[in-house]
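Thank you all for coming. I would like to take a few minutes to walk through one model with you, and I will define the terms as they come up.

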Amino acid sequence: MPASPSTARAINDRVALRLLQQEGPLTAGQLKQLTGLSRPTVADLVERLTAAGLIEVVGESGEQRRGPNARLYGIVADRAHLAALDVRTEGVSVVVCDLLGRELARASVPIADDTGTGPAVEQAVTLVERAAKEAGAERLHTVGVGAPGLIDPATGELRDSSGLPEWHRRLVAALQERLPARVIVENETNLAALAEQRDGAARDRGTFVLLWLGHGTGAAVVLDGRLRRGASGGTGEIGFLPVPGTSTLPSATDCEGGFHSLAGSAAIAELAAGHGLVATAASPGEPEAAALVRQAVATLSSPSSPSPSASSGADRFLSALADRLAIGAASVVAVLDPGCVVLGGEVGQAGGEVLATRVGERLTRMSPLPVEVRASTLGGGAVLRGALLTARESAQDDLFAPRSR
C-alpha cells in the first residue's frame, strides 16, 4: 500500500536529516539530487525541519547565482548535548559533545581502591556535571556509559558482578536521579567494538571479533553487522575461558586460571619482567602492559637498538605474548569463524602490526579457518568513542522521529 502523506513526509525528513548528518551542510539543490525528491518536496521539508528547530542556514554554497538553493543547511548542533563515560575500576573519564559529535569538554577523575561507594559515586557524578557546565550545556539529552561487567539484556542494567566495585552499579542510578537525561549503559568491550567498526580497524567488516587487551581481557562479537550479547549478556567473557598454561581453572566468581591469567595486564607485565623488559606508562591510568609492549615494539623497530640483548629480549617477549594471545583467539575462531580478529584496547594498539602479524601467523598454524588479525587503531579511547556513538544515535532517533501534527 502507498504511504500516507504524513508517513511520506516523515520518511523524507529522516532521509534528509541523515544526509545532513553524514555529508555535512547541503544546499536544497544538493538535497534534491541526493534524495531524488522533487524541488517542491525538498522546499517543504526544509521549511518543516527549520520550523522544528532541527536545521538552520549555516552559510552559502559559493554558487554565483544567489537564491534559496545557494543557502547551506545544516543540523542545529546545540539542539541536544550528549555525554559519554568510560567507567573503569580505577576512575572515570567523560566527554561532552553536541548533536553532531563535536567535542565540547573532556575530563577525568581517578578513584582510589579504598574510596567508599558513596564518595566514589559523588566524584563521578560531579565530574559529569562540571564537564556539562564547561561545555555550556544547560542539560544533557542522553548519556552513554561504558562499564566492565554484564549488562542484563532484559533490563539494560549493569548486573552485580564479583570483583567489580559496588559504585559502578550505583553510578548508573545516581546519574538517572541527578541528570534530566536518558542514561544508556553498555559493556565497555562491546562499545569498543562498535567504535572500531564505525571509525577504526574494522570499518570494512560486518563480521569480526574484538579481543580487548587492557587492564583485563574481554571480547566482543559482531556477526553480520550486529553486536551479539548472548542470552544473559555474557558473550565475550573470554577472561573465564579455560586455557592451557595456567596453574588452576577459573571459577564462576573468579577468572584467575582462565585466559585472563595469560593476557591480563599483570600477567603480561610478569612475562615482560622475565625477559628483562621495563617501561614507564605514557599517561596516568595506562595499563603497565601497554607501556611494556610499546617499548618492545619500539626496540625492535629502532635502527639503533640499545644492545643486541635488549633487541633479543623484546623479540622473545613479543613472541611469547603472541603465543598466549593466539591460544584465546584460536578458541574464538574455531567457534565463530569471524574471519577477522581485532587486537583491541591499549595493549592491542601498542602492539600494532608487529604483534598482530605474530598472532596471525600462529593462528594460521593452529586453525584451518582463514582469519585476518588487525591491530586496534583506537586503543583504550574506543570505549568513550563507542559510548558517544551510542548516545548520539539514541538522541538522533528521538529528535529525528516524526512528531504528531
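I will begin with how the model was treated, then turn to a sheet, a helix residue and the nonpolar cores.

This is a predicted model, in which local features need pLDDT of at least 70 and side-chain atom pairs count only at pLDDT 80 or more, while totals for chains, interfaces and linings use all residues. Residues are numbered from 1 along each chain as its sequence is written, and side-chain values use heavy atoms, with hydrogens and water left out.

Let us start with the open sheet, whose five strands run in the order β10-β9-β8-β11-β12 with mixed pairing; strands are DSSP runs of E with at least two residues, helices are runs of H or I with at least four, both numbered from the N terminus, and two strands pair if DSSP finds at least two bridges between them. At the edges, pairing on one side only, are β10 (226-228) and β12 (372-375). Strand β11, residues 340-344, pairs with β12 in the parallel sense over four bridges, and V341 has V373 of β12 as its bridge partner.

Turning to helix α10, which spans residues 308-336 and holds S319, is that serine buried or exposed? S319 counts as buried because its relative accessibility is 19%, where buried means under 20% relative accessible area, exposed over 50%, and partly exposed in between, with a 1.4 Å probe and protein chains only. Beyond its neighbours within four places in sequence, S319 is in contact (heavy atoms within 4.5 Å) with R358 and R362. With the same exclusion, F317 contacts residues including I268, H275 and V293.
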